[in-house]
Amino acid sequence: MITREFRNILIIGRSGNGKSALANTLANRDDEFKQIFKEGSGSVSETRESQSEIFEWNGIFYRLVDTIGLGDTKLSNEEVLYSIAKTIGMMKEGISHLLFIIDSKFNEDERKNFRLLKEVMFESRISNYTTIVRTRFEKFRNRKDCDLDKKNLLSECKDIADIIWACNGLIHVDNPSLDISSDDDIDGDEKQLRILVRKKDKIKSREKLLNHLKNNYIGNYKLSSWDKMYLRINNYLETCDERKYEEEEAITIELAAIIYKEVPSFIKTQQASPEKSWWCQIL
Ligand SMILES: Nc1nc2c(ncn2[C@@H]2O[C@H](COP(=O)(O)OP(=O)(O)OP(=O)(O)O)[C@@H](O)[C@H]2O)c(=O)[nH]1
Ligand SMILES: [Mg+2]
């Protein structure tokens, strides 16, 4: 039996930045951009666990993996780690492209996150596989506007500037929702027209990003213990009919040990554990 190789696209970013909307645009289910990844409507985090979906584009098979928002404070450290283990379990080949999603202005929290993320990126050497995607950018078709925005970003925050320089590109897109049922009372014709305009934005955004990814594919990124963790988590998920908390705890501890060894600065990104104390407890 021939097993197909996929290029895995892992989408990360703060909650509400547009990860799931981008995933829907890229997947373009039924050529209608059907919502397979649930998009949020308010300030509540919508995506509660990683979800994957495959699609083909110009003869290349991709697997998209949408994730929970970075810095989602409702999750414990253990839950975050177990969620990372499950995400690794979705990507046998490793990460072909990491998409780091940003939107408009950054608050102080976000700036602090960029500093930590920068450390993690440099230490793990994943930046060569990373593309920054700026969502909600209506003028994404205009080169001059995109260049100007990049210039502004570079001068706005030193850490994001360092990330931009280290990664392989900053791509601007706009992925507006096609669900306009909640919009003001507009008549049928106007509604159809709005949907058409938004679809065109999605088609163009998709083309722009996928062309960039095709031209910047350099292979797959893996932590050195990736294959072992991939088998470990899949073996558990496929063979156990019901959840076994001891097994999940064992997997979490194993992953913590791998990360502690290979990307120690990741520890600083975990809430309530700026020091090594929490990790010492579970290692
Ligand atoms: N106009 C416009 N709206 C967008 C864009 N990206 C996302 N949205 C909207 O912003 C809201 C949040 O987007 P999501 O894709 O759910 O954000 P998320 O990053 O997946 O959020 P979590 O799952 O909570 O982490 C939704 O209503 C989207 O339709 C964009 O590029 N343009
Ligand atoms: Mg989401």
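Colleague: Happy to start at the N-terminal side: in which segment is E5 found?
Modeller: Helices (H or I, at least four residues) and strands (E, at least two) are DSSP runs, numbered from the N terminus. This is a predicted model, in which local features need pLDDT of at least 70 and side-chain atom pairs count only at pLDDT 80 or more, while totals for chains, interfaces and linings use all residues. Side-chain values use heavy atoms, with hydrogens and water left out. On that basis, E5 is found in the segment before β1 (7–13).

Colleague: Is E5 buried or exposed?
Modeller: Buried means under 20% relative accessible area, exposed over 50%, and partly exposed in between (1.4 Å probe, protein chains only). For E5 the relative accessible area is 56%, so E5 is exposed.

Colleague: Thanks! What separates the C-alpha atoms of E5 and V133?
Modeller: Along the chain, E5 and V133 are 128 residues apart. In space, the separation of their C-alpha atoms is 25 Å.

Colleague: Now the magnesium ion (ligand 2): which residues are its protein donors?
Modeller: Donors are N, O and S atoms within 2.8 Å of the metal (3.2 Å for Na, K and Ca); water is not among the atoms, so sites may look incomplete. Two protein atoms lie 2.0 to 2.1 Å from the ion, and they belong to S20 (OG) and T47 (OG1). The pair links distant parts of the chain, 27 residues apart, with S20 in helix α1 (residues 19–27) and T47 in the loop between α1 and β2 (51–57). Both are buried: S20 and T47.

Colleague: How much of ligand 1 does the protein bury?
Modeller: Polar contacts are pairs of N or O atoms within 3.5 Å; within protein, one must be able to donate a hydrogen and the other to accept it, and residues adjacent in sequence count only if both atoms are side-chain atoms. Oxygen atoms of ligand 1 lie 2.7 Å from a polar side-chain atom of T47, and 2.6 Å from an N or O atom in the side chain of R136. Accessible areas come from the Shrake-Rupley method with a 1.4 Å probe; for residues, only the protein chains shown count as cover. Taken alone, ligand 1 exposes 650 Å², and the protein buries 85% of that.

Colleague: Lastly, what is the radius of gyration of the protein?
Modeller: The protein has 9 helices and 6 strands. The radius of gyration is taken over C-alpha atoms, and the globule rule is 2.2 Å times the number of residues to the power 0.38. That rule gives 19 Å for 283 residues, and the protein is close to this, so it is as compact as a globular protein of that length, with a radius of gyration of 19 Å.

Technical notes
Residues numbered from 1 in each chain as written. Chains lettered and ligands numbered in written order.
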